[in-house]
Amino acid sequence: MPGDRYIRWFDQIGLDDVPLVGGKTASLGEMYRALGSQGIHVPNGFAVTSAAYREVLDRADLWKPLRRLMEKTQKDNSQAEIAKEARTLIYDAGLPDDLCEEISRAYLDLCEQYGPGLRVAVRSSATAEDLPNASFAGQHDSFLNIGDNDGLLDACRHCFASLFTERAISYRERNGFDHFKVFLAIAVMKMVRADLAASGVMFTLDTDSGFRDVVFINGAYGLGENIVQGTVDPDEFYVHKPTFELRHRCVLRRELGAKQQTLVCDEDINSQEMHNIDTPDERRRHFCLSDEEVLTLADYAIRTEKLYSDRRGKESPMDIEWAKDGDDGQLYLVQARPETVASQKKRSQLERYHLTEKPDKQSVLARGRAVGANIASGKLRKIDNARQLVDFHEGEVLFAESTSPDWGPAMRRAAAVITVRGGRTCHAAIVAREFGIPAVVGIGGESGNLRDGETVTLSCAEGDIGKVYAGEIPFEVTTTELESLRRSHTKMMINLGSPDQAFRLSALPCDGVGLARMEFIVNEYIKAHPMALRFPERVEDEEARRRIAELTALHESGGDFFIEKLSEGIGTIAAAFYPRPVIVRTSDFKSNEYAQLIGGSTFEPKEDNPMLGFRGAARYTHEAYEAGFALECAAIKRAREMMGLKNIKVMIPFCRRIPEGEKVLEAMANHGLKQGEEDLEVYVMCEIPNNVVQIDAFSQLFDGISIGSNDLTQLVLGVDRDSDIVAFDFDERDPGVLEMIRWAIEGAHRNGIHAGICGQAPSDYPEVAEYLVRHSIDSISLTPDALLKTIEKVAVIEENRNASLKTGDDTAG
């Protein structure tokens with residue numbers, strides 16, 4: 001209201017008002033004014049300004065006593081007692097009468113806007129909070145479910161006092177903030193009734209890799225504190241920003257969380273108590289958000305990021321809190337701040353950790369969500385409550401059910417963190433990222449495998465699944481300055497199967513993915529045979545039928561499950577490298593490998609030599625698998641058309657003869673993947689001698705070839721590469737093999753189509769890479785580990801070749 005000295009309504013403030021209302025409330029005002037007009041729901045409220053905080057200290061003459069206490073924290077180890085004494089001083093000072101009157105009047109006005117029964121959230125908002133380089137997240141106290149004026153005034157007193165929590169004092173000292181140049185304001189706002197619905201956090205980048213082209217959303221039932229504290233394992237969703245802005249509306253990827261508990265308010269409006277109830281099993285089995293709601297939140301996040309980027313004059317990835325109101329069913333934004341960890345990483349520097357010894361499977365003690373991409377070893381120290389933290393030593397691995405903001409100072413001493421519960425945005429994960437240490441969160445029932453005092457190694461360098469290994473396993477770190485890396489004219493690509501690695505590997509200086517292996521996605525994420533999912537009634541094994549029913553419980557059919565999961569795996573890889581090309585090879589399991597999938601033994605023949613049997617293109621139009629191939633095509637179509645990932649190309653493996661290739665292309669067209677439509681290119685693996693001998697004919701069918709040097713070598717030399725007895729005869733450098741490769745490249749170029757290679761040879765042998773470059777191959781696709789060193793080699797080879805050609809031309813002249 002006009003004339004108020006200590007109150008500012010959200011529509012009166014914005015990001016320029018941080019000194020007056022603190023970072024959190026300034027952000028709420030900015031969102032309410034700028035995003036509310038765009039149809040984004042932000043609850044209304046008002047700020048109790050930092051001037052009010054200073055007035056409290058002035059009238060009670062507290063500045064000197066507080067300074068003396070803070071000086072003691074430098075000398076005295078009993079920081080907890082000093083912090084408590086400081087809070088008591090501020091709380092006991094009370095609120096001046098004129099301040100109480102203004103807060104009470106504003107509260108009545110808010111009640112008039114929202115009607116009877118309004119509950120408010122009272123949130124601390126420091127003037128050095130939510131800054132681009134320091135978030136102060138969780139350092140000060142906030143209160144929910146305030147239903148009357150007396151409760152509001154008491155919460156305000158507690159908020160002012162919380163500027164001197166032990167964790168806030170420690171955070172300021174660690175980050176170089178003067179205790180007496182940081183002031184506390186308060187946001188009082190309509191409380192969104194997420195206790196009756198769901199809530200969570202979202203980021204406009206991937207929090208571990210720093211990949212900026214996705215919105216990453218976490219959610220669980222009830223109030224959001226459970227996600228922050230790591231009390232529950234939340235649902236996770238990704239949406240791809242570039243294709244979303246091209247109006248494609250499809251969730252890129254999702255992961256069902258356990259959502260073990262639901263944090264709810266006391267039904268009594270005069271009570272501020274909150275408590276957890278066990279989430280019913282039936283509810284846990286469903287996502288807390290519909291796809292439509294996920295996409296609405298992604299839209300909110302993208303527009304919020306644009307607003308803050310425009311205001312700051314540079315790209316500003318965001319950390320955003322959201323809540324769904326169980327009363328009106330609407331989705332609200334309740335906080336937004338600049339993301340301060342992943343976005344600060346050097347994008348020109350690539351740091352990669354890897355184990356130098358491969359652990360055996362028996363040494364894996366636990367698995368959970370990986371936080372970061374690091375590896376660390378240390379002695380495990382189990383912490384059941386905060387009192388035990390005084391005995392926690394530097395370099396130990398902190399192991400707990402979950403962590404809380406009070407644990408921050410002790411966690412700074414940890415080599416790594418393990419929690420039984422929690423997702424990748426819980427408190428333990430946030431602190432681990434900030435401190436640059438690995439964490440494996442949400443290990444669940446495997447916690448019983450960990451013993452206090454034993455030495456363990458945490459690896460978060462193997463994808464989204466973090467692993468805890470027994471003992472100390474050696475590892476090394478390599479750092480590459482990408483700006484100084486020489487680039488080659490030949491396209492350098494990578495071979496990739498795991499969607500878990502895609503966002504991290506997208507930072508590599510490559511030209512795309514030359515081989516995305518579908519088999520890895522089927523094996524790791526789908527687990528069941530495509531035909532068993534399509535025809536579960538034919539599965540003979542009762543246990544296999546039970547497992548298929550369990551896998552597909554959230555889907556109308558097994559086919560829908562397969563299409564969704566496969567398209568999300570393919571889509572994640574394609575989104576990571578978008579708009580660079582991603583060549584997806586259709587399934588190339590052998591019959592013995594297919595049989596290992598759930599329900600697979602019912603549908604697969606027993607072959608003496610599966611390597612030369614029922615594999616690749618031969619399967620796709622055969623009655624024994626054509627329905628499975630239809631599902632593969634539907635998944636690729638979904639990724640290309642619904643997700644908008646037109647950078648996906650398709651590659652057909654082990655195509656023996658021209659008629660076989662024609663039938664496969666016809667089948668693809670019938671399944672909605674017509675070559676040439678929607679810019680669809682179809683490549684063929686060149687891995688059979690007949691592909692080379694008939695290269696002109698194959699070039700009329702396909703848009704490109706990718707030489708599979710492993711199978712080509714096997715078939716040129718007549719060596720079974722699975723046989724240890726004749727392994728010595730398997731050599732991609734054999735003159736006959738190299739000659740076949742040369743013919744393939746020349747034939748493809750003669751017919752004007754792309755010629756690449758995705759086999760292992762150039763990764764292992766520099767002389768093969770040199771041979772390929774000398775014969776002007778268009779692209780070389782390698783394992784990620786081999787990419788950087790091979791790029792340098794290829795650049796040198798090209799320079800030497802060009803120098804030789806120039807010298808030869810000059811001589812000829």
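Is Phe180 buried or exposed? Phe180 is buried, with a relative accessible area of 11%. The notes below concern aromatic contacts in this predicted model.

1. The structure contains 15 aromatic pairs. One of them joins Phe164 and Phe180 in a tilted arrangement, with the ring centres 6.3 Å apart and 40° between the planes. The label "tilted" follows because the angle falls neither under 30 degrees nor over 60.

2. This pair connects distant parts of the chain, its members being 16 residues apart. Phe164 lies in the loop between helix H6 (149–161) and helix H7 (166–175), and Phe180 in the loop between H7 and strand S5 (184–190). Phe164 has a relative accessible area of 0% and is therefore buried, the limit being under 20%.

3. Phe164 and Phe180 also belong to a cluster linked by ring pairs. Its members are Tyr53, Trp63, Phe160, Phe164, Phe180 and Phe183.

4. Tyr238 and Phe503 make an edge-to-face pair, at 5.3 Å centre to centre and 65° between the planes. Here too the pair links distant parts of the chain: Tyr238 is in strand S8 (residues 235–240) and Phe503 in helix H14 (residues 502–505), 265 residues apart. Tyr238 counts as buried at 4% relative accessibility, and Phe503 counts as buried at 6%.

5. Two contacts between a charged side chain and a ring should be listed as well. The charged end of Arg615 sits over the ring of Phe654, 3.8 Å from its centre. Lys382 lies over the face of Phe399, at 5.7 Å from the ring centre.

Technical notes. Residues are numbered from 1 along each chain as its sequence is written. This is a predicted model: local features need pLDDT of at least 70, side-chain atom pairs count only at pLDDT 80 or more; totals for chains, interfaces and linings use all residues. Side-chain values use heavy atoms; hydrogens and water are left out. Rings of Phe, Tyr and Trp (its six-membered ring) pair if their centres lie within 6.5 Å; planes under 30 degrees apart count as stacked, over 60 as edge-to-face and the rest as tilted. Helices (H or I, at least four residues) and strands (E, at least two) are DSSP runs, numbered from the N terminus. Buried means under 20% relative accessible area, exposed over 50%, partly exposed in between (1.4 Å probe, protein chains only). A charge sits over a ring if NZ of Lys or CZ of Arg is within 6 Å of the ring centre and within 35 degrees of the ring normal.
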